[in-house]
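Biologist: I would like to learn how to read the features of a model like this one. Could we go through them in turn?

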Amino acid sequence: MDKKMKKHILISIGLVAVTIIAVSFSIYQTQKLENTYVLPKEQPRVAPAQVNRAKRAISRPEDFGMVVTENNAPVLNQEYWDKMISNKVRSLKENTPKEVLGKLNQKIKEDPVKTKEKMKLIDENIKNFSLLVAKEPNNLEARKRLKHFLMLKSLARELPNNE
Amino acid sequence: MNNRGVALIISYMVVSVLTILSSVFLVGSSTESNAARNYSNSSRAFWIAEAGMAQAYRNWINNSAQPVGGVSFGAGAYSIDTSNLPIVTVSGTCGLSTRTIQASFVRIPSAFDNTVSVGGNMTLNGLLAKVEVYDKTRISGTFSKTAFATAVFSDKQEGVSKDATTIKIPDYNNNGTSDEFVDFVEFGNLAVENYSADEVVHVETNGTVNIFPDSALVGKKIIFVEGSSTGTGNVNIFFDATWADNQDLTVISTGTITYVEPLQYASDSRLSTISWGDYGEISVFRSEHESVVYSHEDASFVDILDWGQTTGNVITNQNLGLTEVLTYEKFYYSDRAKNGDMPPGFGLLSGSTGTPYVADWQEP
């Protein structure tokens, strides 16, 4: 075998070796990436609850359609509840699928006389508790009851079939 | 031209190609083998952790000490961490794989055995008021009603121990005293932490939060409204049939909760409440819903202008009042808590007595 031939052989072997290493490495990396899902994940070494506590974020209520009022005392104002409840319920009705709203209509359908009686009852209670609250401003039970009826009136006015 | 040696070079080239091909298969086979081994180890680690959890539960109900450090099991080992009770964390290892699981060990308070549990007195007021309670009604004080009101109980007992009617908030701030406001706040935070971030809403306010059936709340498990002191962080809930079906939501408040219930007809949707302050329910139309109600103070069903029905448990540590129930209010028992289907957050209201239960299992 002459020198030239030996040189060719050595070059060939070198090329083959480099190619094998390169191809193997490439395949290994590809396989590793493809199989990542079965590789064990790193586990935290501290109790998960403690980890969560440190990073737990406070939510923005408006992101969830909530309305936050700074006042914690019962609000005894019909306009306030109309604005709060009527607007919200109207918006919900607009965004509710017809079949769901139909279900709601069906469930809520009642004798118009009965509805009128209820509305009359609510109005009477609002009148009576307003008088009582005016007479006894510190009567917390009366204030709470008045708030209930104001809320119910606002809500009842916005529900289907009860305009 | 001298062609000597060409055959040798061609042979080398053929051998090289074959070598490359065999290397490819060899490497591929090796990687798959490793992947399979890792998968196997990971699965084994999980089941070893499960075995550790079962052992930890057995130790807990038998009041036995939990093992310190790793415990050999099968092809691996598990370790139990109970430093954060009721949350128990167990890690299982096998080879290089580690899996961690977490659960809360709780005892379901006896109050969950009852449809209505009252730590104080129960009253029914109103000219035409009517209440029907099916299954157990347990009252630590007494029941009374106005002259023309009607009450139907299938199983009522008065003067029973408060252990059977009330729930104390565990000593979550570890100051040696349970049932404090700070324990309740800690409880609320733990309830939030037991779920993933996309399953909870945590609002901090000293005002009042009004909650409507918003689509962004679909799939949520916990809404925690946290005020800085008692009587703050009040909640008004306005839910109706526009709420999504198949929901299981618990609203927790450091203040009072008022549930304005026009209708709650969503199929299989549950809305439960836990409040440090009073719980109140009012309604204007025929209403029904499935829920567990827990109030650390009073609970009231007031100004119920039409037929109302609650299926679940009503638990109040103090008084239960039904006032101006113009048609009637019915209470039916639901044994979901006893059947391993505790509503979100309630698993943390455990006491030192009651039925052992594993809640909030998860792999964090």
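Modeller: Start with one residue: B:Asp135 is partly exposed, because its relative accessible area is 42%, between the 20% and 50% cut-offs. B:Asp135 is found in strand β7 of chain B, residues 130-139. Keep in mind that this is a predicted model.

Biologist: What is the sign of phi at B:Asp135?

Modeller: The general idea comes first. Most residues other than glycine have a negative phi. B:Asp135 is not a glycine, yet its phi is positive, about 65°.

Biologist: Where does B:Asn174 lie, and what is its phi?

Modeller: B:Asn174 lies in the loop between β9 (150-158) and α2 (181-193) of chain B. Its phi is near 55°, a positive value in a residue other than glycine. B:Asn174 counts as exposed because its relative accessible area is 68%. A further case is B:Asn63, just after α1(B), with a positive phi of about 55°.

Biologist: How do I check a helix against its expected length?

Modeller: Compare the distance between its end C-alpha atoms with the span expected at 1.5 Å a residue. Helix α1 of chain B covers residues 6-61, which is 56 residues, and reaches 82 Å from first C-alpha to last, close to the 82 Å expected. Helix α5 of chain A, residues 112-135, has 24 residues and should span 34 Å; the end C-alpha atoms are 35 Å apart, so the two values agree.

Biologist: Which residues of α5(A) are buried?

Modeller: The buried residues in α5(A) are A:Thr115, A:Lys118, A:Met119, A:Ile122, A:Asn125, A:Ile126, A:Phe129 and A:Val133. For chain A as a whole, buried residues make up 38% of 163.

Biologist: What is the order of elements in chain A?

Modeller: From the N terminus, the order is α-α-β-α-α-α-α, that is, six helices and one strand. Of the contacts in chain A between residues at least 6 apart in sequence, 68% join residues at least 24 apart. The accessible surface of this chain is about 10700 Å², and carbon and sulfur atoms account for 58% of it.

Biologist: How far apart are the C-alpha atoms of A:Lys7 and A:Asn71?

Modeller: They are separated by 92 Å, with their positions 64 residues apart along the chain. A:Lys7 is in helix α1 of chain A, residues 3-34, and counts as exposed because its relative accessibility is 54%.

Biologist: How should confidence be read here?

Modeller: Where pLDDT is low, the predicted coordinates should not be read in detail. The mean pLDDT of chain A is 73, with 66% of its residues at 70 or more. Within chain A, the lowest confidence is in helix α2 (residues 48-55), at a mean of 43, and the highest is in strand β1 (residues 67-69), at 88. Over residues 34-55 of chain A, pLDDT stays under 50, and the model has 30 contacts beyond four places in sequence for them.

Biologist: How many salt bridges are there over all chains?

Modeller: The count is 11 over all chains. The rule behind it needs a side-chain nitrogen of Lys or Arg within 4 Å of a carboxyl oxygen of Asp or Glu. One of them joins B:Asp248 and B:Arg270, with the closest N and O atoms 3.9 Å apart. This pair links distant parts of the chain, 22 residues apart: B:Asp248 is in strand β14 (residues 248-253) and B:Arg270 in strand β16 (residues 270-275) of chain B. B:Asp248 counts as buried because its relative accessibility is 12%.

Biologist: Which residues are joined into one network by salt bridges that share partners?

Modeller: They are A:Arg60, A:Glu62 and A:Asp63. The side chains of A:Asp63 and A:Arg60 meet at 2.9 Å, N to O. A:Asp63 is partly exposed at 39% relative accessibility, and A:Arg60 is partly exposed at 49%.

Biologist: Which residue does A:Lys144 pair with in a salt bridge?

Modeller: The partner is A:Glu141, with the closest N and O atoms 4.0 Å apart. Both lie in helix α6 of chain A (residues 140-158), three residues apart, about one turn of the helix. A:Lys144 is also among the residues that B:Ser300 touches. B:Ser300 is in strand β19 of chain B, residues 299-304, and counts as buried at 12% relative accessibility.

Notes: Residues numbered from 1 in each chain as written. Chains lettered and ligands numbered in written order. Predicted model: local features only at pLDDT ≥ 70, side-chain atom pairs only at ≥ 80, totals over all residues. Heavy atoms only, no water. Helix = DSSP H or I, 4+ residues; strand = E, 2+ residues; numbered from the N terminus. Expected span 1.5 Å × (residues − 1). Buried < 20%, exposed > 50% of the residue type's maximum accessible area, 1.4 Å probe, protein only. Contact = heavy atoms within 4.5 Å. Areas by Shrake-Rupley, 256 points an atom, 1.4 Å probe, with all protein chains shown as cover. pLDDT = per-residue confidence, 0-100.
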